[in-house]
Amino acid sequence: MQQQAMTETAPTNRAPIPMECDAPFLKVVGELPRELSGTLYRNGPNPQFEVSGAHWFLGDGMLHAFHLENGRASYRNRWVRTPKWQAEHDAGRALFAGFGGRKLPDAPATSCTDSGVANTNIIFHAGRLLALEEGHLPTEIEPGTLNRRGYCDYDGAIAGPFTAHPKIDPATGEMVFFGYNAAGPLTPALSFGSINASGVVTRFDRFEAPYASMVHDFIVTENHLLFPILPLTGSIERAMGGKPPYAWEPDKGVYVGVMKRNGATKDIVWFRAESCYVFHVMNAWEEGSRIIADVMQFEEAPLFTHPDGSRTDPKKSRARLCRWTFDLSGNTDRFVQTYLDDLTGEFPRIDDRRAGFESSHGWYASANPDLPMFGALSGIVHVDGKGSRLGKYLLPAGDTISEPVFVARGEDAAEGDGWLLAVAWRARENRSDLAVFNATDVEAGPAALVQLGHRVPDGFHGNWVGAA
């Protein structure tokens, strides 16, 4: 089930780095705020052994930890030592390739059948640090050392795939999650559930979606769950025939299933809309009988092809901030899609203390529309609750930036009062900085830069974990 290589030209910073290292005393340009006491954990693909034509999404997870304390900074990176990583390390070569965990044809015999890479996100909940990717259970990580403790199934209460984008309710501390391919690779079943603030699973359920789809993110509000089924489709028949396991099929249409958080799967209501794709949700909330969700919407899915292997339209494979509006009064089964900006961007974040509730601040990484989508994230945009721009910062030409992570100034600080942390690649020097911005004045540029001597490859997601 080898997926065809991504259809965009990969930037230099997507290549893996070959080493693990520790840097206890990093140079700081400017002054780190003393209130920043904790660790920024970032996750992303960094193949131990590269496979020709392999999709970016499938590289082994590497964790990058920037620890900030008393105005000083240190760094550590480690591969997540998944069963796949360990088997390949012992063999001295790649063994797996493609979605679904298929072995390479010439791979030597091995007892390892687990292709998990734990490469997409890293979160902290109920005392556990978890590395996530949507095909497998969470992988528990030891804070500080970054050692792998093993899969976390909450004493057998959950099973199967677990999203890289669970949502933590700021009011209750509950973590809500889902998983696609819940009945096996390239199947239309989805699982979902919740884990309370003490780390106990309180619900685990399953339902059938209209078709098999790559469901990267979902939507959670105070009282509802929304499951987007978008036409980046999965097909076991295609995969077995040597065609792309995941492909863009806009004729399948868009479905978004809406259910009460405490409701039954039989009561899911399916809404329809114009064909699109979304990797990431900024935030969502309820307004009376309506649900509002702000997402980064593509007209066509990037990084994948049509079923016949032909590429999607690069001009349509760009995300823009878009508002989805659902009318729950029963008057229509259509939801409304309204673009809020023409600027290309991805990796939206908010002040997570407003997750699932109406918010007044959001940020995302912006892109140069003349360059491939994920190779041109070269700025930070700050928007208000209506999606209007409040500020924008552009890096020097050629440099790129990661997802911006918000850190509040303190528990009682007003929404948006704090900092943004993002990793910037300095193309001319071929190394990376951790950039610290005043979250409400990104146009002023970084207030401080933590300088690394090497680069952090383009990755996916990260989160801040404050000092205990």
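Strands here are DSSP runs of E at least two residues long, numbered from the N terminus. By that count, Ala-65 sits in strand β4, which covers residues 61–69. Keep in mind that this is a predicted model.

**Two buried strand residues**

Ala-65 and Arg-431 make a handy pair to look at, one in β4 and the other in β30 (residues 431–438).

| Residue | Strand | Relative accessible area |
|---|---|---|
| Ala-65 | β4 (residues 61–69) | 9% |
| Arg-431 | β30 (residues 431–438) | 10% |

Buried means under 20% relative accessible area, so Ala-65, at 9%, counts as buried. Arg-431 is buried too, at 10%.

What surrounds them? Setting aside neighbours within four places in sequence, Ala-65 is in contact with Thr-39, Leu-40, Tyr-41, Ser-74, Tyr-75, Arg-76 and Leu-146. Ala-447 is 382 residues away from Ala-65 in sequence, and their C-alpha atoms are 20 Å apart.

Arg-431, again leaving out residues up to four places away, touches Ala-424, Trp-425 and Arg-426, along with Gln-451, Leu-452, Gly-453, His-454 and Arg-455. With Leu-452 there's also a polar link: a polar atom of the Arg-431 side chain lies 3.3 Å from the backbone oxygen of Leu-452.

**Helix α1**

Now for a helix. α1 spans residues 83–91, and its buried residues are Lys-84, Trp-85, Ala-87 and Glu-88. Looking down the axis of α1, these buried residues fall within an arc of 165°, so they line one face of the helix. Part of what covers them is β5 (72–79). Just past the end of α1, Gly-92 has a positive phi of about 75°.

Key. Residues are numbered from 1 along each chain as its sequence is written. This is a predicted model: local features need pLDDT of at least 70, side-chain atom pairs count only at pLDDT 80 or more; totals for chains, interfaces and linings use all residues. Side-chain values use heavy atoms; hydrogens and water are left out. Buried means under 20% relative accessible area, exposed over 50%, partly exposed in between (1.4 Å probe, protein chains only). Helices (H or I, at least four residues) and strands (E, at least two) are DSSP runs, numbered from the N terminus. The arc is that of the directions from the helix axis to the C-beta atoms. Contact means heavy atoms within 4.5 Å. A polar contact is a pair of N or O atoms within 3.5 Å; within protein, one must be able to donate a hydrogen and the other to accept it, and residues adjacent in sequence count only if both atoms are side-chain atoms.
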